[in-house]
Every structure is written in structure tokens, then in C-alpha cells.
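Here are my notes on the model, point by point. Please read them with the coordinates open.

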Number of protein chains: 2
Amino acid sequence: MSSVSADDDGHEPITRMKSRDRRELILEAATGVFGDYGYVGATTDQVARAAGVSQPYVVRMFGSKEKLFLEVLRRALDALLSTFRTVLAENSRTELPRYFGRAYVDLLNDRGLLLSLMHAFVLGSDPVIGRAAREGFLEVYEFMRNEAGFGPEQTREFLAGGMLINTMVGLRMSDEFDTNETVRELLTIALPEKLDLLLHLGKTQRPTSK
Amino acid sequence: MSSVSADDDGHEPITRMKSRDRRELILEAATGVFGDYGYVGATTDQVARAAGVSQPYVVRMFGSKEKLFLEVLRRALDALLSTFRTVLAENSRTELPRYFGRAYVDLLNDRGLLLSLMHAFVLGSDPVIGRAAREGFLEVYEFMRNEAGFGPEQTREFLAGGMLINTMVGLRMSDEFDTNETVRELLTIALPEKLDLLLHLGKTQRPTSK
DNA sequence: GTCTATACCAAGATAGAC
DNA sequence: GTCTATCTTGGTATAGAC
């Protein structure tokens, strides 16, 4: 413990920072919070506390909760696509599906990233977020077809597998891995490999209160 | 038009009804609304207006928004499973996957049903809804494995395909079918057959205001 | 069985100080 | 660049009349 106040919940005077850095910090925190509670369910105050700043500051910096979410979505898509592009550049064409699968599951390390994506994918009826989400999904689709050179059926299988993984994660199915035989079976089937990774993410940590 | 008030937005004196029937009516309305806006995003007032009753009445009848959603979830799962059971009873074992696929897409007719399910599947971090959602998904999984006799890989493929369809629907991807070439391509790939069905659901009708 | 009125709280956003 | 204080809205739930 340092010599400052014992109240370390992030509300003691904070060091100033370049706004670029703070921005990154908040975006990371927001990715986690949106991943856990969804766009509507998450509050800007939760994001603020997770980032160690004040609630109004979050709104100030991004203009609105909606704009913040759009940035989180953008970042998540960029991370996804750039991961795939790296895989594409480093591996032989034939083994791609397997490598993509691994890379995808690896993205689970970035807490909330795939989860935030999934939350966006269910918000199609929202006029602004829905549009962004559709466009985002299409980017991924186009990457598969055009850059990675996947055929229609191969693309379908890959996307479907991804959505199944997302659903398992969204459901926090792994929370019951130890206590439920059927869950073990299901997860073993649903996750091609790297099951261990999903499990090591640990149980969902839910703050006692909102 | 009948002789009653011209204000027909559902707020004129309503005929009394057996509570069982009213209950069904509200559950149907709620399925649609939750499907469109998600559990958190939907309001009990939207549900009430869609059902033509007052907001407090909805809460009265179900105890809370949460309990209402749990009932919607339960009903959706029952509909899904009983549909599959019917298919199972009526068809030869060998062609099952195809028939299940069709039956699943047919469920899209029940506006909001699969959508509400999908919304539940992303709420794993909610202590009560998350638990119900996991259990629901497991019911479907067990049906496939035990009742329908699907093998692990067959089950995986089926569930994955289902989640991809759900995602397409959640994204309201079909709203852009006419205006976007890539969307047409994607939807043709993602929906094994019965694409027409998805399209005939029509554009998402979003009430001007909440 | 169903409504109207309303209490109450949570959350996003704004103003303005430092 | 960042905070505290606060306005405002909207949404769940309760009370009680008809």
C-alpha cells in the first residue's frame, strides 16, 4: 500500500493524463462492462468506475453512451479483423480454418471483446447501433470471402461456429463447467479446441451492486 | 368502426376477460417487444401498449418485469421443443437435420420468439435470467443428443447453424436485402432454405417513439 | 379484473469550478 | 483534463378506486 488515502476505489485525486491515453483506458473498461451487461444494461457510471474516472467525464469524452458503444464496437471489429489478417499472412492457405478458429478463441482473452460484439449483433432494431452492427458483420463476412478466400459453405461453417462460441460465452456456460456433466459435454463439443482458455477466464465476476 | 370512442389506441374501456386469456395476450405481446428491444431495453409500458392494457396491470399480473421475461423465455423454449418433437414424431430418422432446419426457420413466423431466446442467451451474467437461459439452452442440447439421437458433431453443426440464423435475425440483416448485394449473398448462405420466409417477415416495424 | 395516479429511484447529460 | 453537484427524464412498482 502506498501512502495515499485508504479509500482506493479510484476516487482519490487522479493524476492527469494525456487524453489519448485516458481514452484508451476508458475504452478498455467500457468493452468489459458492455460485454457483461450489454449496451442498454451497462451504465456509464459502471464504465467510469471500472476506468477509475468520474461518470460525467466518460460522457464528456465520448459525447454520449451511444457514441461510446459505437467506438467499442469499432475497436472490437478492428481487433478481430487485424487478428485474422495476421493469421492470414503467417500461415498456409490450406490450414486456415483451423488457425482462424484458434485465433478466434484466443480473442476471448480480451475480456468483453467478443461479448460486446455479440451484444451489438442482437441490437439490429436500433436505428444507429443496428446499422453499425450490420456493417460490422458484413466486414467480417467480406474478409472471409474476399481476403481469406473462403468459399460460401466454408464461410457459413466458420461464421456459424463463431456464433455458437459467442453464445456459449454470452451464456457464461463455463461457469457451470465443474458442477454439471452436460455442460462439460456441450462445451467440449462447441469449442473445437482451446477449451482450457475459456475456462481459465474464471467465473464471471459480478460486482455486488450496480 | 364501432360506436365507441374514436381513440382506438387501446385505452378506451376494455372488456373484461378471463385472466388466463389476458395473460396469453400479454405474453404474446411481450415476446414481440422483448424480441425487438431485449430484456433491459424493453419497457413494461411498451408491452402494455402492445397488449392494449395498462402498464401497472402488466406488472401486477406477472409480479415484475423479470418474471414476465422468464415466462416469455419459458414459452419460447416450449414452443421450440414441441415443434422439434412434432418433427421427430413425423419423420424418418435419416432426414431429420433437414427437417429440423426447416422447422426452426418456420419458428421465425412467431414474431419475437427466436429473438427473445437470443436476447436471453446473451444475458448469462444476470444471476437469475442467466441461470434460466443456460438451463434452457441445455434442454435443447439434451433434446438433440438424447431424444433426436444426434451425435456430437451433428449436434454442434445444428446448434451452430441455429445461432447463425439467430444472429442474422437479431441483426435484422434482411432489412437490407434489397439494397445490398453482399447482404443477399450472406443471407443466401446463412439460411439453408426458406430464405423467402425471413424476407416476408417484412422490415422491422419500429414504433416512432418508445 | 383493470384502471388512474403517483412514489421512487436510477441513469444520462449539463454546468461550472478547479 | 477532470471533478462535484445537479437537472431531467423515464421507467418499475405500489396504492387504491371502480
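1. Which atom of DNA strand C does a backbone N or O atom of A:Lys65 approach? The partner is a phosphate oxygen, at 3.0 Å. That makes a polar contact (a pair of N or O atoms within 3.5 Å; within protein, one must be able to donate a hydrogen and the other to accept it, and residues adjacent in sequence count only if both atoms are side-chain atoms).

2. Ground rules. This is a predicted model, where local features need pLDDT of at least 70, side-chain atom pairs count only at pLDDT 80 or more, and totals for chains, interfaces and linings use all residues. Residues are numbered from 1 along each chain as its sequence is written, chains are lettered from A and ligands numbered from 1 in the order in which they are written, and side-chain values use heavy atoms, with hydrogens and water left out.

3. Surroundings of DNA strand C. The strand has 22 residues around it, where near means that a heavy atom of the residue lies within 4 Å. A:Thr44, A:Lys65, B:Ser19, B:Ser54 and B:Tyr57 are the closest. Of the strand C atoms that come within 4 Å of the protein, sugar and phosphate account for 53%.

4. Side-chain contacts to strand C. A:Arg60 places a polar side-chain atom 3.3 Å from a base oxygen of DNA strand C. B:Arg22 places one 3.1 Å from a phosphate oxygen of that strand.

5. Elements facing strand C. Helices here are DSSP runs (H or I, at least four residues), numbered from the N terminus. At least two residues each come from H2 (44–51) and H3 (55–62) of chain A, and from H1 (19–41) and H3 (55–62) of chain B. H3(A) gives the most, with four residues. The surface divides into eight nonpolar, seven polar and seven charged residues. Nonpolar covers Ala, Val, Leu, Ile, Met, Phe, Trp, Tyr, Cys and Pro; charged covers Asp, Glu, Lys and Arg; the others, Gly among them, are polar.

6. DNA strand D. It is surrounded by 22 residues, the closest being A:Ser19, A:Ser54, A:Tyr57, B:Thr44 and B:Lys65. Sugar and phosphate make up 54% of the strand D atoms within 4 Å of the protein. Side-chain N or O atoms of A:Arg22 and A:Ser54 lie 3.1 Å and 2.9 Å from phosphate oxygens of strand D. B:Gln55 has a side-chain N or O atom 3.1 Å from a base nitrogen of that strand. H3(B) gives the most to this surface, with four residues.

7. Helix packing in chain B. H2(B) (residues 44–51) and H3(B) pack at about 100°, axes 8 Å apart. Axes are lines fitted to C-alpha atoms over the stretch in contact, and angles run from 0 to 180 degrees between N-to-C directions. The two helices are therefore roughly perpendicular (65 to 115 degrees). Contact (heavy atoms within 4.5 Å) involves B:Thr44, B:Asp45, B:Val47 and B:Ala48 of H2(B), with B:Gln55, B:Val58 and B:Val59 of H3(B). These divide into four nonpolar, two polar and one charged.

8. Symmetry. Chain B superposes on chain A by a rotation of 180° with 0.0 Å of shift along its axis, RMSD 0.0 Å. That is the relation of a two-fold axis. The fit is least squares on C-alpha atoms of residues with pLDDT of at least 70 in both copies. B:Ala160 is the chain B residue closest to the rotation axis, at 2.4 Å (C-alpha). The copies meet through the same surface, because 100% of the interface residues of chain B are also interface residues in chain A.

Key: Parallel < 35°, antiparallel > 145°, perpendicular 65-115°, else oblique.
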